[in-house]
Structures are given as C-alpha cells and as structure tokens.
Amino acid sequence: MRIAFAIVCMVSLASCESISSHYASVAEAREKGAFAKGWLPEILPESATEIAVASVPDSSTCEGKLALDEHSVVPFLVKLSPAGDFRYTEQREWVQRLKEAGSQVGYHSSGRVLFAFSCAKQKCVFVCGPGT
C-alpha cells in the first residue's frame, strides 16, 4: 500500500494548482460539496473515513485516499469494474504504474467522471478524470 500511495502522490496534479481537502467521514465530504463537485463517487460506503482529495479547480481531475472498515471493503470492490480508460495521459500512467507494481485496479464511472481505485486491506488510493 505504501508503494501505491507513493505512486498516487506522483500523479501530475502537482504541476497544476490543486486544492487539497480532508474529510473525517462521507457525511462531512457530502456536506462540504465533494460529491457535488465530482471529487468523490456516490458508491463510496457511508463508513469511509480519513478521506483526502487533491483536485484541480474547474476540471474533472483528482487524486486521493480513504479508509474503509473491514465490513465495507468487499462490497465496495464488487461495485468496481475491471475495465476503464482515461482521456488524459496522467491518469493512464497512474493506473499503469499501479498495475506494474502488482496492484489490482477497479473502475467506476459516475457519468462525467471516471474513477480508478486500488485498495489494499482497508486503505484505498484513487484517481479521477474524464473517461474516453
């Protein structure tokens, strides 16, 4: 998981001006507009905690991490698709680096935004951006 988190930190959002947000819970993230802005998908379990998101204003790109309780991990992973493709190279490269490191990647499309998640035990990292 440390490798995966290091990889997510390397995504090219750092080259853009990004906004970092931290939420203790899904309820707090919802209250502060993270879901409405497209930074988090509606399929996140209500039990998700320790949510951190870095996003680029006026874009559909983000990266982040979160924690799930032990009972939420499998039901969450079942909701993810094994296939997806991003429009932007940065997100494609993030996914490729995770796969090369041996991590499983699952996708979810919220319509306008595609999310890619990689989870190990109860910790997940993710990236989002426009799909193809």
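**Exercise 1. Count the helices and strands of the protein chain, then give their order.**

Solution. The protein chain of this predicted model holds four helices and six strands. Read from the N terminus, the elements follow the pattern α-β-α-β-β-α-α-β-β-β.

**Exercise 2. Work out the strand order of the sheet and name the edge strands.**

Solution. Start with the order: β1-β2-β3-β6-β5-β4, in an open sheet of six strands. Pairing is antiparallel. Next, find the strands that pair on one side only: these are β1 (19-25) and β4, the edge strands. Then add the twist, which averages 20° from one strand to the next. Last, place the helix. Helix α4 (residues 89-100) packs on the sheet and touches β4, β5 and β6 (123-129). The direction of α4 makes about 150° with that of β6.

**Exercise 3. Describe how β4 pairs with β5 and what links them.**

Solution. Take the ranges: β4 covers residues 106-109, β5 covers residues 114-120. Four bridges join them in the antiparallel sense. One register point is His 108, whose bridge partner in β5 is Phe 115. Now look at the link. The two strands form a hairpin, with four residues between them. In the turn, Gly 111 has a positive phi of about 100°.

**Exercise 4. Find how many bridges join β2 to β3, and which residue stands opposite Ser 55.**

Solution. β2 (residues 49-55) and β3 (residues 62-67) run antiparallel and share five bridges. Opposite Ser 55 stands Cys 62 in β3.

**Exercise 5. State what share of the residues is buried, using the cut-off of under 20% relative accessible area.**

Solution. The protein chain has 132 residues, and 45% of them count as buried. Its accessible surface comes to about 7,000 Å². Carbon and sulfur atoms contribute 53% of that surface.

Key: Residues are numbered from 1 along each chain as its sequence is written. This is a predicted model: local features need pLDDT of at least 70, side-chain atom pairs count only at pLDDT 80 or more; totals for chains, interfaces and linings use all residues. Side-chain values use heavy atoms; hydrogens and water are left out. Two strands pair if DSSP finds at least two bridges between them. Buried means under 20% relative accessible area, exposed over 50%, partly exposed in between (1.4 Å probe, protein chains only). Accessible areas come from the Shrake-Rupley method with a 1.4 Å probe; for residues, only the protein chains shown count as cover. Axes are lines fitted to C-alpha atoms, for helices over the stretch in contact, and angles run from 0 to 180 degrees between N-to-C directions. Contact means heavy atoms within 4.5 Å.
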